[in-house]
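Trainee: Could you take me through one part of this model slowly and closely? I would like to see how its pieces sit relative to each other, and then how that part fits with the rest.

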Amino acid sequence: MSLVRDMISIAAVSAGAFFFLAGTVGLLRFPDTLTRLHALTKADNLGLGLVVLGLLPQADSLRDALKLVSIWLLGLLAGATVSQLIARAARQGGSIR
Amino acid sequence: MSIATAFEIMLAAVLLGLGIWTIVVRETFSATVGFVAYGLLVALIWVRLDAADVALTEAAIGGGLSGVLLLGAAARLRDAEPMAEAAPGKLLRATAAALSVLTTATLAGTVLLLPDPAPSLAPASVANAWATGLSNPVTNVLMAFRAMDTMLEKVVLVLAIVGVWSLAPDSAWGGRPGPRHRADPYGVLAFLARLLSPVGIVVGIYVFWTGANHPGGAFQGGAILASMWLLATMAGLADAPPVSSRPLRLILVAGSGLFLIVGLAGLLFGAAFLSYAPALAKPLILGIEVAMVLTIATTLGLLLSGAPERSAEPWAP
């Protein structure tokens, strides 16, 4: 049983790490602010989500699992809001480059 | 070499590189962003050292609130930056470099010359945890064994706010600190402030409450509460109170004041200044901490709001 749980964890965390890597590459390589934000939100939403998903089978109690999920939800909320704010500022400032 | 060691070496190298970049980079804004990332990495290092209490404080203060403070300063300095272009002279640079190298060498030497095992009071503080009824050794040290330091720290917070307020022009004295933030009441920021503030307040109180037995405490919880207050202020949903407000001033001195009263009571009825009667230790400590978390949250929020700039006219949303 613990082998199955470990396999799920390894697979999900690896996939999460891949999305973080892809998001970082996008942040460094994409040409303008909006596309860079697009790349970054993939790291935040999917990457963090998959890492949390992978850690859930390792959680000791339901309490810890709920804490992990709420970290992901708060990350989603913060990431989505900040991307909106940055994108709006970039459009109004005309500094899309 | 294990994976953990490789990770630690990489973490230290990235931290060093980020530190150098923060100093070398020209724009104030970039340096501030670098400093925030630096604070978060330092917090990760504290986690690796099993110092979760310090990591929480570092992330909240070093990464979060200091970052907001420096960003505000960078925004104000932006207009003045072209004037400060004149580079310091060669002699000044050489002196600064020599002093920095000397300080670093002294610190490195001190760390390397520590006896092994390093002298530690940690076992003694863990062994005496029964005296307070709290099981987080860090809270025990802060609130009981070295309570004097914590009390004086709260006095320093009051002095800091006096220092910031004293920058106010005469015309604004007694008024509200900082600029009035205006944001679209139906915009993204106001949405975040409405949604996140209740969650953040619960998390802040939880971090404070759990500090008795787990990592956390008044400072970390207070920093979270302060950031929720600042979020509501920046979103234009609330306004900083005028500094002439008496309830506000009472809250600002509540932490150190209650600490002092309990300390003097210990001198009168107990063994020494700041000694708690064993039966009352836990409720007394919790009572002081409740006052402290209010004081810390208010002080940190006001420190970031800045000096009074506006008159105290009632605020209309």
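Mentor: Let's begin with the two domains of chain B: the C-alpha centres of domain 1 and domain 2 lie 24 Å apart. Please keep in mind that this is a predicted model. Domain 1 of chain B runs over residues 1-79, and domain 2 of chain B takes in residues 134-317. Where they meet, 10 residues of domain 1 of chain B are in contact with 13 residues of domain 2 of chain B. On the domain 1 side of that meeting place you will find 7 nonpolar residues, 2 polar ones and 1 charged one.

Now stay with the beginning of chain B for a moment. A UniProt annotation from an unreviewed entry, "domain: MrpA C-terminal/MbhD", covers residues 14-78 of chain B. Over residues 14-78 of chain B, the chain is 89% helix and 0% strand. The C-alpha atoms at the two ends of this stretch are 28 Å apart.

Next comes a helix that deserves a look of its own, α4 of chain B, at residues 90-112. How far should its 23 residues span? At 1.5 Å a residue, the expected value is 33 Å, and the end C-alpha atoms of helix α4 of chain B are 32 Å apart, which agrees. Is this helix well covered or hardly covered? Helix α4 of chain B is hardly covered, since the count of buried residues among its 23 residues is 0.

With those parts in place, step back to the whole of chain B. The chain has 11 helices and 2 strands. Reading from the N terminus, you meet the elements of chain B in the order α-α-α-α-α-α-α-β-α-α-α-α-β. Along the principal axes, the C-alpha trace of chain B spans about 60 × 55 × 40 Å. Of the 317 residues in chain B, 27% are buried. Take the contacts in chain B with a separation of 6 or more: 73% of them are between residues 24 or more positions apart.

Chain B also has a partner, so let's see where they touch. Here 5 residues of chain B are in contact with 4 residues of chain A. The chain B side of this contact is made up of 5 nonpolar residues, with no polar and no charged ones.

What does chain A look like on its own? There are 3 helices and 0 strands in chain A, and along the sequence they give the pattern α-α-α. The radius of gyration of chain A is 16 Å, well over the 13 Å that the globule rule gives for 97 residues, so chain A is more spread out than a compact globule. Its C-alpha atoms fill a box of roughly 55 × 25 × 10 Å along the principal axes. Of the 97 residues of chain A, 10% count as buried. Among contacts in chain A between residues at least 6 apart in sequence, 62% join residues at least 24 apart.

Let's finish with one residue you can find for yourself. A:A17 lies in helix α1 of chain A, which covers residues 2-29. Why does A:A17 count as partly exposed? The reason is that A:A17 has 15 C-beta neighbours inside 10 Å, while a buried residue would need 20 or more and an exposed one would have 12 or fewer. From A:A17 you can also look across to A:L55, which is 38 residues away in sequence and 13 Å away in space, C-alpha to C-alpha.

Note on methods:
Residues are numbered from 1 along each chain as its sequence is written. Chains are lettered from A and ligands numbered from 1 in the order in which they are written. This is a predicted model: local features need pLDDT of at least 70, side-chain atom pairs count only at pLDDT 80 or more; totals for chains, interfaces and linings use all residues. Helices (H or I, at least four residues) and strands (E, at least two) are DSSP runs, numbered from the N terminus. The expected span of a helix is 1.5 Å times one less than its number of residues. UniProt positions are given in the numbering used here, feature names are shortened, and annotations may be inferred rather than shown by experiment. Two residues are in contact if their C-beta atoms, placed from the backbone, lie within 7 Å. Ala, Val, Leu, Ile, Met, Phe, Trp, Tyr, Cys and Pro count as nonpolar, Asp, Glu, Lys and Arg as charged, and the others, Gly among them, as polar. Domain bounds come from an automatic or database domain assignment. The radius of gyration is taken over C-alpha atoms; the globule rule is 2.2 Å times the number of residues to the power 0.38.
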